[in-house]
Amino acid sequence: MPDSSEGAPRGGTRWRRFALVALPGFAAAGLLGAMTLQGLLAAAFAVSGDRIKVSADVLDAQGFTQFGSFDHTIDGTSIPVAVTTMQRAELVGLCQSTLLDTPLGPVVVRVTAGHDEPVVGHSVVFDVEEFTADVEFTDVEIGRDASTLDRAAGGQGPPGGFGQQADTLRLIDLRARVLAITAADLRLPDTRFAVGFDEPECF
């Protein structure tokens with residue numbers, strides 16, 4: 001429900017600390033079973049199962065869709081995710097990290113970018129397990145059949161699936177745990193890449 005006290009623009013909706021609250025339908029066994037029978041894959045590859053932490057000061061997207069699906073590991077394990085597609089995305093203050101177990105102990109792989117100018121990507125897809133942020137939508141539709149989502153190219157889900165979409169999406173103070181990230185193209189200015197035992201995670 002719109003919160004007028006937050007000063008939401010006309011046609012927009014704002015929620016504080018949104019964390020997939022608009023998608024309770026994923027967890028229903030019937031929906032998950034239906035997606036399994038259809039063989040729906042979120043990522044177009046077997047995922048490692050390692051969680052990727054993604055943080056950003058601000059994420060602005062034009063053309064946003066989201067629906068429930070599964071990622072699959074090489075051993076056949078299915079992991080439920082929210083497939084989040086953005087037609088175009090800009091991220092300020094991006095950080096991405098992954099904690100890897102090695103014979104010598106845990107190692108962090110960390111990438112930062114987009115501090116002097118934003119990271120820009122097209123057809124960006126996050127397979128999200130969990131996120132928190134201050135969120136603002138414009139022209140949002142919640143509960144639409146996932147197969148009819150049309151705000152982002154390629155961002156459609158299974159017929160009968162629960163979906164949502166919006167013309168624009170803004171996430172402030174984003175903290176997300178994702179299994180996979182894909183993009184048609186991605187530009188990362190002022191990139192820093194580091195691997196180390198003492199390298200900090202993004203959060």
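1. A nonpolar core is a set of buried Ala, Val, Leu, Ile, Met, Phe, Trp, Tyr and Cys residues joined through side-chain atoms within 4.5 Å. In this predicted model, the largest such core has 26 residues. Leu59, Phe131, Leu171 and Leu174 touch the most other members.

2. Which strands each supply at least two residues of this core? They are β2 (52-72), β3 (78-92), β6 (119-138) and β8 (162-182). The largest share comes from β6, with eight residues.

3. Apart from the largest core lies another one, of eight residues. Phe67, Ile79, Val125 and Leu179 are among them. As general background, nonpolar side chains in soluble globular proteins tend to be buried together.

4. Leu171 deserves a look of its own. Leaving aside residues up to four places away in sequence, Leu171 touches Asp57, Val58 and Leu59. Leu171 also touches Phe131, Ala133, Asp134 and Val135.

5. Now the overall fold. The protein chain has one helix and 10 strands. Where does the helix come in the pattern along the sequence? The order is β-α-β-β-β-β-β-β-β-β-β, with the helix between β1 and β2.

6. Contacts across the sequence come next. Take the contacts in the protein chain with a separation of 6 or more: residues 24 or more positions apart account for 78% of them.

7. Last, burial and surface. The protein chain has 203 residues, and 45% of them count as buried. Its accessible surface comes to about 9800 Å². Carbon and sulfur atoms hold 55% of that surface.

How values were computed
Residues numbered from 1 in each chain as written. Predicted model: local features only at pLDDT ≥ 70, side-chain atom pairs only at ≥ 80, totals over all residues. Heavy atoms only, no water. Helix = DSSP H or I, 4+ residues; strand = E, 2+ residues; numbered from the N terminus. Buried < 20%, exposed > 50% of the residue type's maximum accessible area, 1.4 Å probe, protein only. Contact = heavy atoms within 4.5 Å. Areas by Shrake-Rupley, 256 points an atom, 1.4 Å probe, with all protein chains shown as cover.
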